[in-house]
Amino acid sequence: MSNFRWVICGLLFLATTINYMDRQVLSLTWKDFIAPDFHWTDDHYGTITGLFSIFYAVANLFAGKFIDWMGTKKGYLIAIFVWSVGACLHAFCGWAALGIAGGSIVALTTISVWLFLACRMILAVGEAGNFPAAIKVTAEYFPKKDRAFSTSIFNSGASVGALAAPATIPLLARAWGWEMAFIIIGALGFLWMGLWAWLYDKPAKNKRVNQAELNYIEQDRDIADVQDRDNVKEEKPIPFWECFKYKQTWSFVVGKFMTDGVWWFFLFWAPAYFSDQYGYTSDSTMGILLILTLYLIVTVVSIGGGYLPTYLVEKRGMNPYLGRMRAMLIFACFPLLGVFAQPLGAYSAWWPAILIGLLGAGHQAWSANLFSTIGDMFPKSTIGTITGIGSMAGGLGSFAINKGSGSFFTWADGLSIEKVGADNAFTFFGFDGKPAAYMVVFCICAVAYLIGWFIMKSLVPKYKPIIPED
């Protein structure tokens, strides 16, 4: 049996890594490089990241259907082309803002925010195609029992991208300016496009996939359906609006809405957190080491999370959905560690880095299994659509937590004991001002997964695949 499916999985991993590096450039440069030039506050940055989440959410609603309609080969190429262009365009926001503002600091701040928002919109439209395409390709190239594991591998590209980003982006920004950081990282997507165009085709049509591997990939179907490589039957797609009548759709929507914002919060705010609370800027040796440690933990621990459902299915005899939900309940407990990040941070910044890393690992393992529930329940022809709908909900949740956090941090920073006195200060669990605000957000993040799991389980208590009506 050939094993070309793992080459395809590797391409998905590379695309997701590039996706998250492009997304991380702003979070690793705004506090220490961009904000001093344009006089941004936390609220300005919260607006940019929050509206990016809205752009991403709306784009996802259409991106999944676009991928199902265009096909994974062309659809993925178009998506990564758009987001790579958007990533590179960020570099020109500074020059354009300086030219338009005419020396006014107020105008410079406002104009720069709007220009970055325009580029984030282009980036969001392209990046919205990544997960619908990747999940659809995973369903094309892997049987149900292997999908969570393969998803965890390509999805680890998110944490590898977040791991590679702090090791490279601040150094690029320091050496050649933050503008070149956007251009160099953004250009990686164009290189990936060449590999995808050369290597990808559907399994039945890919000459690198032999019949034995095709039989393995399609083991969930009647073997007679896959013996004739030229006539593998396509499943009937579910019409877009009809998807919303199924509880399985709403279960996925809830899972994404409740948890995606947690991951994005730490992705966008972790560098600023270590800079604000401990004085370690994103380009300092300690700042880089803290972020590297955080995402190294995420990367190593999360991959094993994708294998747990395979173990439960093969060794314990569970059906794929039951094994997946059991694994997700375990991973939903990991974020509870986030409650201790801020208190233990009083002793060392390494504690928040380690605990947030474990929280992030729980998220990535949760996310890999959450994505795989789509393939358990829906036909392959509709996977992109359902992924897009759920990712839209995840984007809305991310908007709420990122925009809300930015405004909350700015408000709380003005209400520290040092500035307004003990009687008027904002306090929470022994912290005041902005540290108290971080503690509040960490507590919200800690319980989001368990709440999401119980709602999902109540909506779809047992395995119930959807068969489109003729």
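Two aromatic rings, from Phe, Tyr or Trp (its six-membered ring), are taken as a pair if their centres lie within 6.5 Å. In this predicted model, ring pairs link Trp30, Tyr45, Phe265, Phe266, Trp269, Tyr273, Phe274, Tyr278, Phe409, Tyr438 and Phe442 into a cluster. Over the whole structure, the search for aromatic pairs returns 54 of them. In one of these, the ring centres of Phe38 and Trp178 are 6.2 Å apart and the ring planes stand at 80°, so the arrangement is classed as edge-to-face. This pair joins distant parts of the chain, since Phe38 belongs to helix H1 and Trp178 to helix H8 (residues 178-199), with the two positions 140 residues apart. Both partners are buried, Phe38 with a relative accessibility of 1% and Trp178 with a relative accessible area of 4%. A further edge-to-face pair is formed by Trp263 and Tyr295, with 6.1 Å from centre to centre and 85° between the planes. Here too distant parts of the chain are linked, with Trp263 in helix H10 (residues 247-278) and Tyr295 in helix H11 (residues 285-314), 32 residues apart. Trp263 is buried at a relative accessible area of 4%, and Tyr295 is likewise buried, at 1%.

The packing of helices can be followed in helix H6 (residues 130-141) and helix H7 (residues 144-176), whose axes come within 10 Å and cross at roughly 145°. The crossing of H6 and H7 is right-handed. On the H6 side the contact involves Phe131, Ala134, Ile135, Thr138 and Ala139, which meet Arg147, Ser150, Thr151, Phe154 and Asn155 of H7. By character, the residues of this contact comprise five nonpolar, four polar and one charged.

Most residues other than glycine have a negative phi. Against this background, His39, which is not a glycine, has a positive phi near 60°. His39 is located in the loop between helix H1 (4-38) and helix H2 (42-70), and with a relative accessible area of 40% it is partly exposed. Phe429, also not a glycine, shows a positive phi of about 50°. Phe429 is placed in the loop between strand E1 (427-428) and strand E2 (431-432), where its relative accessible area of 61% makes it exposed.

The cysteines were examined for disulfides, which require two sulfur atoms within 2.5 Å, and the count comes to zero. For Cys88, the closest cysteine sulfur is that of Cys119, and because the separation is 10 Å, the two are too far apart for a bond. Cys88 is buried, at 14% relative accessibility, and Cys9 is buried with a relative accessible area of 2%.

Definitions and conventions
Residues are numbered from 1 along each chain as its sequence is written. This is a predicted model: local features need pLDDT of at least 70, side-chain atom pairs count only at pLDDT 80 or more; totals for chains, interfaces and linings use all residues. Side-chain values use heavy atoms; hydrogens and water are left out. Buried means under 20% relative accessible area, exposed over 50%, partly exposed in between (1.4 Å probe, protein chains only). Helices (H or I, at least four residues) and strands (E, at least two) are DSSP runs, numbered from the N terminus. Axes are lines fitted to C-alpha atoms, for helices over the stretch in contact, and angles run from 0 to 180 degrees between N-to-C directions. A crossing is left-handed if the near helix is turned anticlockwise from the far one by less than a right angle, and right-handed if clockwise. Contact means heavy atoms within 4.5 Å. Ala, Val, Leu, Ile, Met, Phe, Trp, Tyr, Cys and Pro count as nonpolar, Asp, Glu, Lys and Arg as charged, and the others, Gly among them, as polar. Rings of Phe, Tyr and Trp (its six-membered ring) pair if their centres lie within 6.5 Å; planes under 30 degrees apart count as stacked, over 60 as edge-to-face and the rest as tilted.
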